[in-house]
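Let's take a walk through this structure together, beginning with its sheet and then turning to the empty spaces inside it. Keep the 3D view open as you read.

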Amino acid sequence: MPQITIAAMERLAVGAGVAIALACDWRVLGKGAYLYVPEVKIGLNLQWGALPRLISLVGPARAKRICILCEKMPAAQALEWGLVEELAEDGKTVDRALELAEVVLSMPAPTVRMVKEAVNATAGALHVATAFADADQSQLTATFRQARSARDSFRKP
């Protein structure tokens, strides 16, 4: 997407919610919020090209920790690890995202677009090499007995 995208997250972002936020240019998180990636716990892989983006932001060791240990990550840690660019007071994330958007809109649009495309091309040069595996991994995990069992356990109250 050529436009600058900003995710404003309150309270929690879980699984696909984290994946969508990772696809954005910037992320603003409420101070009382947390991020949670429970996919491995329920026998799924992180999809939608989120894993390469996550690795780009936090590095391989932290990406493994986030995905494999399935820990809930508080806002302060998400900021420290580089998963979000800013924390905002709870209830004010959209306001802060709109303030950032207003600054972007004051800049020359063609230049913003070119810089975004150049940064994305450079940072994501190897993403295509791994993102294709999302669907394959999803198909495989759907058939694993342990993965099915984990999903069944997760669904039970």
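In what order do the 3 strands of the open sheet lie, and what is their pairing? In this predicted model, the order is 2-4-5, and the pairing is mixed. Strand 2 (12-14) and strand 5 (73-74) sit at the edges with a single partner strand each, so one side of each has no neighbour in the sheet. As a reminder, strands of a sheet pair through backbone hydrogen bonds, either parallel or antiparallel. Strand 2 and strand 4 (residues 34-36) run in the parallel sense, joined over 3 bridges. If you would like a place to look, find Ala13, whose bridge partner in strand 4 is Leu35. Helix 1 packs on this sheet, where it touches both strand 2 and strand 4. The direction of helix 1 makes about 100 degrees with that of strand 2.

Now for the enclosed spaces. Rolling a probe the size of a water molecule over the atoms shows where empty space is left. Searching the whole structure turns up 3 cavities of 30 Å³ or more. The largest cavity has a volume of about 60 Å³. Leu35, which we met as the partner of Ala13, is part of the lining of this largest cavity, along with Val18, Tyr36, Val37, Leu54, Ile66, Glu71, Met73 and Leu83. By class, that lining holds 8 nonpolar residues, no polar ones and 1 charged.

The second largest cavity has a volume of about 40 Å³. Around it you will find Arg65, Ile66, Glu71, Met73, Gln77 and Trp81. Helix 3 (60-69) and helix 4 (75-81) are the elements that give two or more residues to this lining. Its residues divide into 3 nonpolar, 1 polar and 2 charged. Ile66, Glu71 and Met73 appear in the linings of both the largest and the second largest cavity.

Finally, turn to the largest pocket, which holds about 770 Å³ of space. Which residues lie nearest the centre of this pocket? They are Ala23, Cys24, Asp25, Lys116 and Asn120, out of a lining of 26 residues. At least two lining residues come from each of helix 1 (16-23), strand 3 (26-30), helix 2 (50-58), helix 5 (93-105), helix 6 (109-123) and helix 7 (127-131). Helix 6 gives the most, with 7 residues. The lining of the pocket comprises 15 nonpolar, 7 polar and 4 charged residues. Helix 1 is thus worth a second look: this helix packs on the sheet and also supplies residues to the lining of the largest pocket.

Note on methods: Residues numbered from 1 in each chain as written. Predicted model: local features only at pLDDT ≥ 70, side-chain atom pairs only at ≥ 80, totals over all residues. Heavy atoms only, no water. 1 Å grid on protein atoms, 1.4 Å probe; cavity = no way out; pocket = protein on both sides within 12 Å on 5 of 7 lines; lining within 4 Å. Points joined across faces, edges and corners; volume = space filled by probe spheres on them. Nonpolar A, V, L, I, M, F, W, Y, C, P; charged D, E, K, R; others polar. Helix = DSSP H or I, 4+ residues; strand = E, 2+ residues; numbered from the N terminus. Pairing = 2+ DSSP bridges. Contact = heavy atoms within 4.5 Å. Axes fitted to C-alpha atoms, helices over the stretch in contact; angles between N-to-C directions.
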